[in-house]
Amino acid sequence: MPESFVHMGFASRVVFGAGTLNQVAGEVELLEVSRALVIATGSARDAADVVELGLGDRFAGRIDEVRQHVPVELADAARAKAAEVAADGIVALGGGSAIGLAKVIALTTGLPIVAVPTTYAGSEMTPVWGQTADGTKTTGTDLAVLPRTVVYDPVLSRGLPLGITAASVANALAHCVEATWTPKADPITEVTAVEGARALHKGLLAVIEDRRDLDARGNLLYGASLAGSALASAGTGLHHKLCHHLGGTYGLPHAETHAAVLPQVTHLNATAVPRARSRLEAAIHAEDLATGLYDLFTAAGVPTSLRALGLTEQQAKEAARQFGASSPVNVVPVDEEALTRLLLRAWAGERPAAAEGANAVPGGQAPSHHQGVVR
Ligand code: NAD
């Protein structure tokens, strides 16, 4: 019998398969949307043209400019555009940035979203929104922003360059791995996360060989969907919060930061979740989870050091100091010293197996909020 748990699931309709882009207009109709505002990232403009044509009279207007972390000026302009064209629904095509812009419109208007993801960030499966003003990113959770329908068409991500693909997969794997150790982690989420990691690993290895491999792209989108669901249920922990701090304070790129930080946080935390750890190791065919992730990212050509992303050693130390004060509850207790060690390893891009003592769990015990629970 599993331990006692509470699982939170989120309802959305998922339409998956090659060629499903042609079903977007039908999905809009099912939601009884009669004036759809289309938001598309630059690389999804051709796909947006197809959707626009398919929508016919249901097409109300279009936004072609999106930016990472949803700057407030862009959010305000997008809300104004939605009002101007009297939109009663949104179709968002692109990565986390396009879907993020749709979410901030939905936050204040309640408009339903049909999301058509072209990266593996997973935002389409979560009720989490984010917006940036004066260099500070604010995030929140609201059911109004959870896309009502998600259409996954692997054809759309075939053109995603390998570098962006691999970094985006690192982001998705981070959702899967962290979902096993947050305070809200539970056995249902764990199964989702492990299956997500399996599909992401398989897809990434195949995409390294052939960027346009449709089957591999399908595995990556399927894995990304499960990863997003796991993130939605388990919430974020030390890893994501550290990445958000680094991204918000030093302007580091979102997906790439995950690749540098995840192996180090995994090295620290994985011993406290032995069952999930061995399941995840089997899923990514690794003898050691942290090292396996590091080697996978390296093989895919994603930088595994914060130094390569432009952070200075001084900033890594400063980040540990600043973050230390507001450090979240973690499955392994961390203080400023442990954080500094961890961030310096991430800064230098050390292979975790070569690191010393970062994963020491006092007495081999899980900390209080997980005591007695084998996960
Ligand atoms: P992104 O949407 O900015 O896309 C990354 C790059 O890939 C862009 O340059 C884009 O033009 C390009 N691109 C996208 N699809 C492409 C395609 N099919 N072919 C070629 N190029 C393509 O970045 P992202 O990593 O998808 O998302 C990051 C953002 O999403 C961040 O702001 C992050 O905070 C947010 N996010 C939110 C959640 C959530 O639950 N709310 C989850 C994950 C990420």
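A salt bridge is taken here as a side-chain nitrogen of Lys or Arg lying within 4 Å of a carboxyl oxygen of Asp or Glu. The structure analysed is a predicted model, and a search of the whole structure under this criterion returns 17 salt bridges. One of these joins R58 to E29, with the closest N and O atoms 3.7 Å apart. The pair connects distant parts of the chain: R58 is situated in the loop between α2 (45–55) and β3 (59–63), while E29 belongs to helix α1 (residues 24–30), and 29 residues separate the two. Both partners are partly exposed, R58 having a relative accessibility of 25% and E29 a relative accessible area of 45%.

A further salt bridge is formed by R277 and D288, whose closest N and O atoms are 2.8 Å apart. This pair likewise links distant parts of the chain. R277 is contributed by helix α10 (residues 274–283), whereas D288 lies in the loop between α10 and α11 (289–299), 11 residues away. The relative accessible area of D288 is 22%; because the buried class ends under 20%, D288 is assigned to the partly exposed class.

The salt bridge between R341 and E337 is found within a single helix. The closest N and O atoms of this pair are 3.8 Å apart, and both residues are part of helix α13 (residues 336–348), with a spacing of 4 residues, or about one turn of the helix. An α-helix has 3.6 residues a turn, so residues three or four places apart point the same way. The two side chains fall into separate accessibility classes: R341, at 35%, counts as partly exposed, whereas E337, at 55%, is exposed because its value is over the 50% limit.

Salt bridges also link R45, D49, E52, R62 and D64 in a network. Within this group, R62 is located in strand β3. A relative accessibility of 17% places R62 among the buried residues, since the value is under 20%. The side chain of R62 makes a polar contact of 2.8 Å with the side chain of D49, and another polar contact, also given as 2.8 Å, with the side chain of E52.

The surroundings of the bound ligand were examined next. The ligand is surrounded by 22 residues, of which S97, T118, T119, T126 and K137 come nearest. By class, this shell comprises 14 polar, 6 nonpolar and 2 charged residues. The element giving the most to the shell is helix α4 (residues 96–109), with 3 residues. Individual polar side-chain atoms approach the ligand as follows. An N or O atom in the side chain of K137 is 2.6 Å from an oxygen atom of the ligand. For T118, a polar side-chain atom lies 2.7 Å from a ligand nitrogen, and for Q68, the corresponding separation from a ligand oxygen is 3.3 Å. On its own the ligand has 860 Å² of accessible area, of which the protein covers 82%.

Helix α4 also contains G100. This glycine is buried, its relative accessible area of 9% being under the 20% limit. The C-alpha atom of G100 is separated by 9.4 Å from that of A75, a residue 25 positions away along the chain.

Helix α6 (residues 187–209) was assessed for its length. At 1.5 Å a residue, its 23 residues should span 33 Å, and the end C-alpha atoms are 34 Å apart; the expected and computed values therefore agree. The N-terminal end of α6 is capped by D186, a side-chain oxygen of which lies 2.8 Å from the backbone nitrogen of I188. The loop between α5 (162–178) and α6 includes T182. With a relative accessibility of 1%, T182 counts as buried. The side chain of T182 reaches the backbone oxygen of A234 at 2.7 Å.

Key: Residues are numbered from 1 along each chain as its sequence is written. This is a predicted model: local features need pLDDT of at least 70, side-chain atom pairs count only at pLDDT 80 or more; totals for chains, interfaces and linings use all residues. Side-chain values use heavy atoms; hydrogens and water are left out. A residue is near a molecule or strand if one of its heavy atoms lies within 4 Å of it. A polar contact is a pair of N or O atoms within 3.5 Å; within protein, one must be able to donate a hydrogen and the other to accept it, and residues adjacent in sequence count only if both atoms are side-chain atoms. Accessible areas come from the Shrake-Rupley method with a 1.4 Å probe; for residues, only the protein chains shown count as cover. Ala, Val, Leu, Ile, Met, Phe, Trp, Tyr, Cys and Pro count as nonpolar, Asp, Glu, Lys and Arg as charged, and the others, Gly among them, as polar. The expected span of a helix is 1.5 Å times one less than its number of residues. Buried means under 20% relative accessible area, exposed over 50%, partly exposed in between (1.4 Å probe, protein chains only).
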